[in-house]
Amino acid sequence: MLPLLHFRIYSPRIPSIFLQTPHRHRTLAMLAHDWQRVEKRANVPAYTLFTKPIEKSQLDERDYRLIKLENGLLAVLVHDAKADIAAASLNVAVGHLSDPDDIPGLAHFCEHLLFMGTEQFPKENEYSEYLSKNNGHSNAYTAPANTNYFFRVATSGLPGALTRFSAFFHCPLFAPSCTTREMNAVDSEHSKNHQADPWRVFQLNKYLTKEGHPWSKFGSGNRETLSAAGRTFKVASKLNGNGTKNGIHAAADESVPASPVSSDGSLASSPLPSRIPSPVPSNTSVSSENEPDGGVIGRETRRRLVEWWNKEYCAGRMRLCVVGKEPLDELADMVSTLFTPIKNREQDPLPVIPDHPFGPNEMGTLVSVQTVKAFHAIEISFPLAWQWPLWRYKPAHFIAHFTGHEGPGSLFSYLKNKGWVTSLSSGPQPLARGFEMFKFTIHLTKLGFENYQSVALATFKYISLLQSSAFPKWYQSELVKIARTRFQFSEKQNAESYAVSLSERLGKPVPPESILSEVAVPSDWNSEDGEREVREILEGMRVTKGRAVLMAKKEEHERISKNEHWEHEKWYGTGYRVERWDPSFVEQAEGPNDIPELYLPGPNEFIPANLEVEKRDVLEPAKRPYLIKQTPMGSVWHKKDDQFWLPKASLALELRSPIAGSSPRADTMTRLFADLVNDSLQEFAYDAELAGLVFNSGSHRLGLMITLDGYNDKLPILARRVLETVRNLQVREDRLVVIKEKVKRDWENFFMDQGYRLSDYYTQYMLTHHTWNIAEKLQEVSSVTQEELQRHIDDFLARLSIEMLVTGNMHKDEAISLSEMVENILNASSIPADETAQRALILPEGSNFIWKSHIPNSNDPNSSLTYYLQLGSSTDARLRATSLLLIHMMSEPAFDILRTKEQLGYIVFCSELQLSGASRLGLRLVVQSERNPAYLEQRVEAFLDLMKSKIEDMEPIDFQQFKTGLQQKWTEVVKDLKKERSKFWEHIDSGYLDFLRRYNDSDLLTDITKDDVLDLFVSRVHPLGVKRSKLSVQLQSRKPRPPRISATAANAFEALVRASTTFVETSGWKEELADENPLATHFAKYWQDALSGVDNYEELMMKIPGLMTQYPVDEEVCDVRTAGVTFIENVQDFKATLEVTELPEPLVEWGDLPLAKL
Ligand SMILES: [Zn+2]
């Protein structure tokens, strides 16, 4: 499911799947004697605490406490003595399914507006500014049945952050001045999602729901839906004599009904006439008091929001998690003090919707859906009862173990061998408190799409097999063992995801002492109940109960079906049709399994037997790996774990070859090679993956990258098999066809991706030496033959440079023997490292390049700008520290100005951009917007101009806070093995071996002054900077923008009207349209109504087009400013003029080995 997830500050993120929150009836069995009251002391309100210890894994050094405040808010507190990052997450058990029917998107809108200032901290970006200075950031998402707000911050900043955060829940301002702007933000968000298939399919699935079921709601909302109730109100209040009718004083309106009400009757009780100020005055919002509050419509929308919030945001519905360094007593006092002021509104704490959205109309159907991207997939869903009450045995997960299996005998293996599928996932999908789905998601090949009925049939046959099979108890025992091992040796998550998962988990119907353990680990089948629960679910998984959704582009559907009838979903316009399976298919699907290739999996051989870890006392963990071996072929780096003490290890292996990316065709073949390695190991490696040992092979411009992560016990076994596959891969024609199709599709779909990804990609491409772009490779992929690829693989493997890193629970001798295995199996000869160096291109000083192109998806209304500034060599330590500090200082204001204030679009960020080889420092500003990219460029430059004075005026204390925040970030403790590996790998991969860089830079930062930052800014970042090296990539949407009218033209027209008639109240349009540059159609419609009955009506209306030409909208004229700009005509020619970066050399000689380099 797609929750609405925001990355409000640093970078945008694609929505991912979130689990839902808890149950009502069986919520934590709160036996009174397990709870102890803590009386009120001084300023700390009373609360109760749970007295039993909370079960945790042996390795977990954190302490936990559960408390309940007087207002019913439940909180879990986590004391982590070693933490350097604190976090909090507050989960409210209300989401978009609780939207009023006449304001779709209100819960989501609430989540946006809640952050805009509080009575205690009225400045609207106070919270994000505070977090930014304290190495923190925040985010939130709105799901169907819950809304989650969370942040992370340096531990020292927790009390300050929590004070600001808690105020959002008891004294938010919902600043009126932000209403229109945040409505626009929600609108941009919907616009961003509009062409994204996951959102389109998600909403279609909701739309095709039993009539009247809340699941069908449109949770994102947009400007239309959020303002609809306000518009209705406005019309109603005018008819009611409360205002004016379309600008004309309504004298003759007595005949209309006195008090029209909206669908839920809310207007009748409205305390607000249309022209008085909003309930909370806007003058507390210091930064934006002069901005419009959206007029009658904005005020009414906000009033409804406040009314809804007052009803739904009840303390009893809130679950909080705080992770901090403070002792538990201190955390408890802090939480009680800060969160007790939230009101309990006597609402059902965890409301449940027991009714399932699938009715008879939905069951037994096949829905065909048109996609935007080119892919083929089928989803098969069965209604599933709410699974939380079944936490003990987790029967749906038991079934998912079989249905999602990829080993021999599995559904996936059968379909893959037919050449029909590329991936299959399956399992329970929680939708809301009260109902779930059991779902299969199968990605199909072209051939599979043509045979979709057979794919669906095989799925039903596999379910028949399960229905008729006995399940010996070892199946569940194996799952229990794997889950228990995972729980026992789980790595520490980062603080904010941990806080989010705990706040969601609080309230699961498990005993409070088991909130960590029982949620993760199922129980053995000691009674009949376990198997019975499984059988009950399987019983409901029948063709006549489920729904299949077949996804492909329109032309693909029409290629295999004669039916050309399509309907369209309301919010995204997605084309679809619903049919019923024909009776003969149903009959076959209901029959017993007759596919002999399908059978249940055997025992898993990869479950680790040796989980021993030798823990010693370490004063301070080593900060880098050691070079333990060097040969002409490459280096082996190693670090024995000295901080996590888990039975896990990590291996990174990079094979570079000068032929890997020597041409677009070679580059394409290297990618096919990497994918074929994954493909041929899929069945074998699946058991390892289940048991917690994961491998991956990926290609890049210089070769192959192979990684293995997980329990070290059986890691060498998997590593051997992976290497043997790499060395001996025999390209099979049937698999090559499938993989070529998949790669081709991935690349084609890349061009349908979000605009900002494309502008970022082109920026990278234009500044990378010797590389090929996706369009060039796309031309090659179809014609690659089996023989040619086999030859490429042989040539690739003949001469290699190999870099290797082993970390975790492995000793030096084990790492050495792994490296010997690698060399023996690959048996290659060496090449000089400089043949495979990564190099970038240098923009000359004093340059201002612009490359213009188009967004390929002609339905995407968004354009995109990546505005890149090269700042110098990354090996200059002082320049590096200064640059990164500057970027850090710019990122929050960039978001605040360009997104929050100017509302350019949903995706706006400022961050570092690393080019290939990491030899250049660079910053980029990215804006994705419905506005013209040339206009965006102008706004970015205006922001840079503003930023100059922000730096100049910055108080020493604020400057110091930015430095401290960055130092905290750089010296942050590495949280897990994988992150440690990737930090080390960055320096091995670049060739600089500068492992201690972040610590050294942190020291260096102490001496950096504001003048250093300002000098850099003025010379290399500010638009007038003489040493600027700048490239921007502007991708323009092809979708025609509906014409808008400028403020000047609109005012000129208003003046014309005023001069020619006295009948009309002329200023109403500003409020009604609530947009500085309204759509021309909206503007014309408004005046058409307002002027009806006026004599020279038509003559006046005819003036509008002329005024629009005379006074165009700013962004239409901004394109003329080209002084000093070099427009790039031909990208290859441009690249050829640029200097290439130097070859990387180690910046540090570590002297780990007695001998110098060989
Ligand atoms: Zn949002």
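Two strands count as paired if DSSP finds at least two bridges between them. The views below show close-ups of a predicted model.

**View 1. Strand β29 and its two partners, β25 and β26.** Strand β29 spans residues 1029-1036. Strand β25, residues 847-854, pairs with β29 in the parallel sense, over eight bridges. On this side, Gln1036 of β29 stands opposite His854. Strand β26, residues 863-873, pairs with β29 in the antiparallel sense, over seven bridges. Here Lys1030 of β29 is the bridge partner of Leu869. The strand is mostly covered, with seven of its eight residues buried. In a regular strand, side chains alternate between the two faces of the sheet.

**View 2. Helix α2 and what covers it.** Helix α2 runs over residues 126-133. Seven of its eight residues are buried, and the helix is mostly covered. The buried set is Glu126, Tyr127, Ser128, Tyr130, Leu131, Ser132 and Lys133. Their cover includes two strands, β7 (137-142) and β8 (147-154). It also includes the helices α3 (158-170), α26 (877-901) and α28 (956-970). After α2 comes Asn135, with a positive phi near 55 degrees. An α-helix has 3.6 residues a turn, so residues three or four places apart point the same way.

**View 3. The second largest cavity.** The structure holds 13 cavities of 30 Å³ or more. The second largest holds about 100 Å³ of space. Its lining includes Lys629, Thr631, Met633, Gly634, Ser635 and Val636. Ile802, Met804, Ser819, Val822 and Glu823 also line this cavity. Four elements each give two or more residues to the lining: strands β17 (626-631), β18 (634-640) and β22 (799-808), and helix α25 (812-826). By class, the lining has five nonpolar, four polar and two charged residues.

**View 4. Ser188 in helix α4.** Helix α4 covers residues 179-193, and Ser188 has its place there. Is Ser188 buried or exposed? Its relative accessible area is 16%, and buried means under 20%, so Ser188 is buried. Leaving aside neighbours within four places in sequence, Ser188 is in contact with Gly905 and Tyr906.

**View 5. Ser523 in the loop between α15 and α16.** The flanking helices are α15 (517-520) and α16 (529-540). Ser523 has a relative accessible area of 19%; the cut-off for buried is under 20%, so this loop residue is buried. Which residues does Ser523 touch, not counting those up to four places away in sequence? They are Arg392, Tyr393, Gln476 and Val480. Lys481 is 42 residues from Ser523 along the chain, and their C-alpha atoms are separated by 9.7 Å.

**View 6. Cys314, a cysteine without a disulfide.** A disulfide is a covalent bond between the sulfur atoms of two cysteines. How many disulfides does the structure hold? The count is zero. Why is Cys314 not bonded to Cys110? The closest cysteine sulfur to that of Cys314 is in Cys110, and it is 14 Å away, so it is too far for a bond. Cys314 is buried, with a relative accessible area of 0%. Cys321 is buried too, at a relative accessible area of 0%.

Terms used. Residues are numbered from 1 along each chain as its sequence is written. This is a predicted model: local features need pLDDT of at least 70, side-chain atom pairs count only at pLDDT 80 or more; totals for chains, interfaces and linings use all residues. Side-chain values use heavy atoms; hydrogens and water are left out. On a 1 Å grid over the protein atoms alone, a cavity is a set of points where a 1.4 Å probe fits but cannot get out, and a pocket is an open set with protein on both sides within 12 Å along at least five of seven lines; lining residues have an atom within 4 Å of a point. Grid points are joined across faces, edges and corners, and a volume is the space filled by probe spheres set on the points. Ala, Val, Leu, Ile, Met, Phe, Trp, Tyr, Cys and Pro count as nonpolar, Asp, Glu, Lys and Arg as charged, and the others, Gly among them, as polar. Buried means under 20% relative accessible area, exposed over 50%, partly exposed in between (1.4 Å probe, protein chains only). Contact means heavy atoms within 4.5 Å. A disulfide is a pair of cysteine sulfur atoms within 2.5 Å.
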